[in-house]
Amino acid sequence: MNKTIPSHSASAACTDGCGDLAISEPSAVAEPTGTVTLRIANMDCASEESEIRRALEPIGDLDTLRFDLGRRTLSLDAQGARLDQAMAAIRKAGFQPEVIATSAAGTGEGGAQGDASVAAHAQVAPSLDSPRMWMREGLPRLVLALVLAIGAEGLAFFAPSALPWDIAKMAVAVVAIFLAGFGTYRKGFAALRAGRLNINALMTVAVTGAFFIGQWPEAAMVMALYAIAEAIEARAVDRARNAIRGLLALAPEQADVRQANGSWTRTAAKGIPVGSIVRVRPGERFALDGVVFLGSGAVDQAAVTGESIPVDKGPGDEVFAGTINAASELQIQTTAPAGNTLLARIIQAVEQAQGSRAPTQRFVDRFASIYTPAVFVLAVLVAALTPWLMDWTWMQAVYKALVILVIACPCALVISTPVTVVSGLAAAARRGVLIKGGVYLEEARKLKVVALDKTGTLTEGKPALVAFDSVATTRSEAIVRGLALSLSARSDHPVSKAIAAGLLTAGGSEESPVDDFAALPGRGVRGLIGGELLTLANHRWVEEKGLCSVELEGRLAEHERQGRTVTLLASEHEVLALVAVADRIKSTSRQAVQELLDLGVIPVMLTGDNATTAKAIGQQAGIDEVRGPLLPDEKLNAIQELQSTRGMTAMTGDGINDAPALAKADIGFAMGGAGTHTAMEAADIVVMNDDLRRLPESIRLSKRVHAVLVQNITLALGIKAVFLVLAVFGNASMWMAVFADMGASLLVVFNGLRLLRPEARRP
């Protein structure tokens, strides 16, 4: 997997919870000016997406195609004549595109023409709720088609063989075929004209052939059953693709907003500006993201982060739309509009991940592109050769060939993969794990090693100041404390923040202005205070500057043996103070490490902290292999070495210094609660609640998804193989063929949907 490290400044990092979590950026690229979104109501599966891609290939510069099968939409960068060409090409392929949205058309050449073209096409655009509207409008028509097909069968069975009755049977069958198969015929004939043999082409040939050899009732029944099966499959796939969108309903549409005069007004959430004060009563859900302005209490965040235990919130703490205020009344100051809440961005990311093509899906699509023409050739050979080889009549041979076409329809095979992958992505999101693509969901089962950062990943990432030893010989302790406070207060690093908080709490320290402040990832910070260059750095950096003494090394070793992280305040000529902070290991880390070991995955700690502290934390977590201190490039090299010697390697981290390793790893896991913007950009999977147990859970989910994929492909091909043999050597009818195809399709769909069940999502 080729991944790149995003270029974000450290100042953009989210250092306090996940309120600044840039979920949308990893999974969505801002649409270019002039992008048009088309609704294609009869685009039902991945194979039809491929047909549309091929239909658009002759039109140049359409390299921004973005398909969303869940909502049956296609976004493309096209205006004016190119949009007209694209719409015409899609219609020629047998589909009905309609414009539902467009960004600004841009200026310059073709801009005005593009606006006019978009406006013309958009006049008949339906709403985004069209898939369900289509189900409501289409189902009665299909039921009527089935009733007429049954009527045609009844006439064939009970009516005498006479011309008037034959005409009646044919007429009823024609109406049934028209009602059920108009869309199939339209796409089928378009595919045949273009020389493509797809699912619709097979059904078109099979039903038309059956009709012309006099099997009118059977042709009608086959088309009616096929159309109903397609509708059921489409609804089931919609359920899988839209499972995550159900989370949007968790956020209330209205909220109480404080007015300028102090009164409260019930206001639509989408109209509440950022910075407003919103009141949330006990038992209510938060409508928007924000920070607690007044009050304190527990908040149930299970819908967003997957945490089963409510989290205590107070002034300054973040809360998220869709979560539940479980205790006392809270007033929050909103930090994001309704369309950009953390919940909305998670849903957007998962939807776009669902649109990506997983490895198995790409393989199945390639296989189907060979399989379908091969089956068509087999049917032609059966029709042409069996009267000579097996002494069948021409009518028997043609009938069996048509049965083969129906049985061999690859719909079940094509649909077996996306519904499973989509269900897996939705199941993970409901557990607070954001997987950015089906490829990572499938590949996680192959992991051999998981590299883990220490601070914020294995530990809570909230260190506290436990010791401050002034070793300066010419300055008072109060002055030294003030210098340490001045530097640490300027940094967002968890260790620096702990030092600043501890010094402020202890009192007696005065902060001074800092000039030319700079942070060097993996080393420390530096700046000019009163014209003097001072550094607040780790043991390694001070050692490189040659400022460590034997006595100082001894004091450092004592702190490090206790698992403390030691930072040194130094001038250009001497060490001024030794500052020690301690970070507690997370209560879930040891269990997570043991679960990884049980799965056969080796955990390795990669940390920038000193070796002694790292080893102490590693022992508490149950990790035998610990590497430190490592700079960001050394973590990157360690990932490359693990990949080359042990196989697929994941990296888990939360800081800017972890971003290179996260991007290089086969799969990068970022901690979403305390993680930085950059780390979550570089990662492939984001754990929203920082619970390391989600790592082994993700691997187990990957294994379950793989097992279901194998089951579905085996079912689809196995059922068809059995009925193909029956069609050639037995007495399989077109009825049996369509039931076999419909049964196989529904089996694989509902087998994939099992992943959405609550019991399937838990370890």
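1. Let's start with A227. At 8% relative accessibility, A227 counts as buried (that is, under 20% relative accessible area; exposed is over 50% and partly exposed is in between, with a 1.4 Å probe and protein chains only). A227 sits in helix 8, residues 216-241 (helices, H or I of at least four residues, and strands, E of at least two, are DSSP runs numbered from the N terminus). Leaving aside residues up to four places away in sequence, A227 touches L142 and A180 (contact means heavy atoms within 4.5 Å). The C-alpha atoms of A227 and L179 are 9.5 Å apart, although these positions lie 48 residues apart along the chain.

2. Before going on, a word about what you're looking at. This is a predicted model, where local features need pLDDT of at least 70 and side-chain atom pairs count only at pLDDT 80 or more, while totals for chains, interfaces and linings use all residues. Residues are numbered from 1 along each chain as its sequence is written, and side-chain values use heavy atoms, with hydrogens and water left out.

3. Now the whole chain. There are 27 helices and 26 strands in the chain. Of its 763 residues, 55% count as buried. Take the contacts between residues at least 6 apart in sequence: 71% of them join residues at least 24 apart.

4. Which residues does L534 touch, if you don't count those up to four places away in sequence? They are L483, L487, V525, R526, G527, I529, A570, S571 and L576. L534 itself belongs to strand 19, residues 532-538, and is buried, with a relative accessible area of 0%. Try finding A484 too: A484 is 50 residues from L534 in sequence, yet the two are 9.1 Å apart in space, C-alpha to C-alpha.

5. Next, have a look at helix 6 and helix 7. Their axes come within 8 Å and cross at roughly 145 degrees (axes are lines fitted to C-alpha atoms, for helices over the stretch in contact, and angles run from 0 to 180 degrees between N-to-C directions). Among the residues that meet here are M170, A173, V174 and I177 in helix 6, and N200, A201, M203 and T204 in helix 7. The contact of helix 6 with helix 7 divides into 13 nonpolar, 5 polar and 1 charged residues (Ala, Val, Leu, Ile, Met, Phe, Trp, Tyr, Cys and Pro are nonpolar, Asp, Glu, Lys and Arg charged, the others, Gly among them, polar).

6. Helix 7 (residues 199-212) has another partner to check out, helix 12 (residues 394-407): the two axes come within 9 Å and cross at roughly 150 degrees. Helix 7 and helix 12 are therefore roughly antiparallel to each other (angles over 145 degrees count as such, under 35 as roughly parallel, 65 to 115 as roughly perpendicular and the rest as oblique). On the helix 7 side the contact is made by L202, M203, V205, A206, G209 and A210, and on the helix 12 side by L402, L405 and V406. By class, that gives 8 nonpolar, 1 polar and no charged residues.

7. How are helix 20 and helix 25 placed relative to each other, parallel or antiparallel? Helix 20 (residues 589-598) and helix 25 (residues 694-729) pack at an angle of about 30 degrees, with their axes 8 Å apart, and are therefore roughly parallel. A592, E595 and L596 of helix 20 make the contact with P696, I699 and R700 of helix 25. Here the classes come out as 4 nonpolar, no polar and 2 charged residues.

8. Time for the aromatic rings. Searching the whole structure turns up 2 aromatic pairs (rings of Phe, Tyr and Trp, the last by its six-membered ring, pair if their centres lie within 6.5 Å; planes under 30 degrees apart are stacked, over 60 edge-to-face and the rest tilted). Y185 and F189 have ring centres 5.4 Å apart and planes at 35 degrees, so this pair is tilted. Being 4 residues apart in helix 6 (residues 163-193), Y185 and F189 are separated by about one helical turn. Y185 is buried at 16% relative accessibility, whereas F189 is partly exposed at 39%. W388 and W394 form an edge-to-face pair, 6.2 Å centre to centre with 80 degrees between the planes. W388 is exposed, at 67% relative accessible area, and W394 is partly exposed, at 49%.

9. One last spot to click on is D516, in strand 17 (residues 515-520). Phi of D516 is near 50 degrees, a positive value in a residue other than glycine. D516 is also exposed, with a relative accessible area of 62%.
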